[in-house]
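Student: I have this one open in the viewer. Walk me through it, starting with the vocabulary.

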Amino acid sequence: MTLDQKVAVVTGGGQGLGRAITLALVRAGAKAVVADMNLETAEAVAAEVEEAGGEALAGQVDVADEASVASLRDRAFGRWDRVDILVANAGMYPRSLVVEMPEEEWDRVLDVNVGGQFLCARAFVPAMKQQGSGRIICTASSIAYKGQPGHAHYAASKAATLGLVRGLARELAPHGITVNAVAPGTANTAMPRQHRSEESMRERGARVPLGRIAEPEDIANTVAFLASDAAAYITGQTMVVNGGDFMI
């Protein structure tokens with residue numbers, strides 16, 4: 001499974017799952033555009049890639065802002081003349097009960113988590129069409145299927161991701177572009193720790209049939225597979241990576 005000479009854009013690539021995904025794609029041979037709202041973390045991951053002998057470009061992006069996404073696209077094509085893989089991973093995970101949730105928070109979560117995937121796809125798809133090939137992988141969540149108290153907006157956004165993936169997959173299949181999603185369960189990253197203690201994380205892992213929560217690499221390896229030629233006949237699908245926590 002190789003991604004030699006492929007160029008990958010990873011949003012939210014400066015931390016957590018995005019960092020692990022970036023490193024997995026680079027290990028498989030890809031060149032990486034590390035895009036994140038936090039430029040410092042994006043630059044740190046890009047430096048990590050280059051120290052390991054890979055090629056990377058760091059960029060700041062607000063995926064909910066069309067002009068910011070367009071600027072990222074232009075920088076990517078300014079460094080390399082193609083983009084083969086888009087990993088639309090950037091997201092936010094605030095906690096609010098529905099009756100207390102400000103409308104602005106609802107809007108921002110939807111704008112970032114699924115609106116950002118839409119804007120990034122729209123920015124990079126034209127070039128993929130010209131190439132006659134491409135891979136788009138969106139980060140969804142197991143919460144899209146089962147919900148979670150305090151995270152109705154997050155669940156709604158990730159459920160919308162599943163619909164976006166299926167619609168895009170049908171639109172883009174004639175152009176040789178596959179579109180899939182990865183839906184992680186609880187992972188060993190900073191995001192779930194915003195709302196869970198270490199004890200809660202251990203208890204959560206103990207309830208998973210495989211006996212632990214996901215490591216970032218568990219998700220990243222699945223993304224690398226979907227980005228590769230080994231997954232050339234897979235499109236419109238969601239790979240649920242949750243250790244058997246629930247089965248669909």
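Tutor: Helices (H or I, at least four residues) and strands (E, at least two) are DSSP runs numbered from the N terminus. The model is predicted, so local features need pLDDT of at least 70 and side-chain atom pairs pLDDT 80 or more, while totals for chains, interfaces and linings use all residues. Residues are numbered from 1 along each chain as its sequence is written, and side-chain values use heavy atoms, without hydrogens and water.

Student: Ok. Which residue follows helix 1, and what about its phi?

Tutor: Gly29 follows helix 1, and its phi is positive, near 115°.

Student: How many residues has helix 1, and what does it reach end to end?

Tutor: Helix 1 covers residues 16-27, which is 12 residues, and its first and last C-alpha atoms are 17 Å apart. That is close to the expected 16 Å at 1.5 Å a residue; the expected span is 1.5 Å times one less than the number of residues.

Student: Is helix 1 mostly covered or mostly exposed?

Tutor: Mostly covered: 9 of the 12 residues in helix 1 are buried. Buried means under 20% relative accessible area, exposed over 50%, and partly exposed in between (1.4 Å probe, protein chains only). The buried set is Leu17, Gly18, Ala20, Ile21, Thr22, Leu23, Ala24, Leu25 and Val26.

Student: What covers those buried residues of helix 1?

Tutor: The cover includes strand 1, strand 2, helix 2 (39-51), strand 4 (85-88), strand 6 and helix 9 (216-227). Contact here means heavy atoms within 4.5 Å.

Student: And what covers the buried residues of helix 9?

Tutor: Among the elements covering helix 9 are helix 1, strand 4, strand 5 (134-139), strand 6 and strand 7. Its buried residues are Pro216, Ile219, Ala220, Thr222, Val223, Ala224, Leu226 and Ala227.

Student: Now the sheet. What is the order of the strands?

Tutor: The sheet is open, with 7 strands in the order 3-2-1-4-5-6-7 and parallel pairing. Strand 3 (56-60) and strand 7 (238-241) are at the edges with a single partner strand each, so one side of each has no neighbour in the sheet. From one strand to the next the twist averages 15°. Angles run from 0 to 180 degrees between N-to-C directions, with axes fitted to C-alpha atoms, for helices over the stretch in contact.

Student: How many bridges does strand 6 share with strand 7?

Tutor: Strand 6 (residues 177-184) pairs with strand 7 in the parallel sense over 4 bridges; pairing requires at least two bridges found by DSSP. Ala183 has Val240 in strand 7 as its bridge partner. Elsewhere on the sheet, helix 3 (residues 66-79) packs against strand 1 (7-11), strand 2 (31-36) and strand 3, and its direction makes about 160° with that of strand 3.

Student: And how many bridges join strand 1 to strand 2?

Tutor: There are 5 bridges between strand 1 and strand 2, which run parallel. Val7 stands opposite Lys31 there. Strand 2 has 6 of its 6 residues buried, with Lys31, Val33 and Ala35 on one side and Ala32, Val34 and Asp36 on the other.

Student: Last topic: how many helices and strands does the protein chain come to?

Tutor: The chain has 9 helices and 7 strands. Its radius of gyration is 17 Å, close to the 18 Å from the globule rule for 248 residues, so the chain is as compact as a globular protein of that length. That radius is taken over C-alpha atoms, and the rule is 2.2 Å times the number of residues to the power 0.38. Of the 248 residues, 52% count as buried.
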